[in-house]
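Reader: Could you take me through one part of this structure up close? I'd like the contacts around a single residue and then whatever they lead to.

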Amino acid sequence: MGEQSFDDHRVRHAAWVARWVGHGATAPLHLDDLTALAEGLESQALPAGSVMFSADQPPNGVWIVRQGQVELSVESGTQRAVVGMLGPGDVDGDIALVLGVPLAYTARTLAEAQCLFLPQRNFDTVLTTHPEIARRWISTVVQRVTTVQTRLTDMLGRPLPVQVAQLLLDEAVDGSVQLDQRTLAAMLGVRSPSFHKVIEEFERHRLITIGPGSIGIDDGDGLRQLTAKLHSH
């Protein structure tokens, strides 16, 4: 991979791994769990631009965002492709620890963030001394990985407009997809010009609004109807 170019396969891999993050209802820890684990958790105030963990490095613990936003990205030279975001309540690093694999992306705070950190040794202790927490944690890992695999399988063989519409619906948070078109195209394994052509068509039909580095969902129902109509053919 050249200094000034991305390997789209790497971006695609990192973006799909980012879907494994524990968001909201899929987060493995509840508030009462944090109380039970208080002795093993480290509270950290991170200034803007702080690196929580780096791509291709072995995981050293689990991060829980309490306040602020964290950007997940793949970097090459001076270029960066954003593959996901973490917000309050989100958990990351646990799947890499469970599977024993390197981290797929770099996590960096966009503004000052308040986080909790569970070092690997404490994570191992949690799984062995808190059976109910361990059971739910492992269950959410299986659920998150299975959900991503199901999404990928469901997209196979579908027309590109259907794949794009479904991806936008899946990735939208508060009516907006905070990923650039190149990353979204890489997630589908298609060339950026083909992806952009579909996106422009959606915008002409007032289904979305294309912004710098993001896509606004103006008519979610319209996207769902379009997906159903095209898929039926």
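Author: Sure, let's start with V98, which touches F123 and I138, leaving out residues up to four places away in sequence; contact here means heavy atoms within 4.5 Å. Before going on: this is a predicted model, where local features need pLDDT of at least 70 and side-chain atom pairs count only at pLDDT 80 or more, while totals for chains, interfaces and linings use all residues. Residues are numbered from 1 along each chain as its sequence is written, and side-chain values use heavy atoms, with hydrogens and water left out.

V98 sits in helix α3, residues 94-99. Helices (H or I, at least four residues) and strands (E, at least two) are DSSP runs, numbered from the N terminus. V98 counts as partly exposed because its relative accessibility is 35%; the class lies between buried, under 20% relative accessible area, and exposed, over 50% (1.4 Å probe, protein chains only).

Now follow F123 into the next piece. F123 is one of the α4 residues that meet α5, together with V126, L127 and T129. The axes of α4 (residues 120-129) and α5 (residues 131-155) come within 5 Å and cross at roughly 110°, so α4 is roughly perpendicular to α5. Axes are lines fitted to C-alpha atoms, for helices over the stretch in contact, with angles from 0 to 180 degrees between N-to-C directions; roughly perpendicular covers 65 to 115 degrees. On the α5 side, the contact uses P131, I133, A134 and W137. By type, the contact residues split into 7 nonpolar, 1 polar and no charged. Nonpolar takes in Ala, Val, Leu, Ile, Met, Phe, Trp, Tyr, Cys and Pro, charged means Asp, Glu, Lys and Arg, and the others, Gly among them, are polar.

What does α4 lie across? α4 lies across β1, β3 and β8, at about 65° to β8. Those strands belong to an open sheet of 4 strands in the order β1-β8-β3-β6, with antiparallel pairing; two strands pair if DSSP finds at least two bridges between them. β1 (42-46) and β6 (91-92) are at the edges with a single partner strand each, so one side of each has no neighbour in the sheet. Further in, β3 (residues 61-67) and β8 (residues 113-119) run antiparallel, joined by 6 bridges, and W63 stands opposite F117 in β8.

Definitions and conventions:
Angles under 35 degrees count as roughly parallel, over 145 as roughly antiparallel, 65 to 115 as roughly perpendicular and the rest as oblique.
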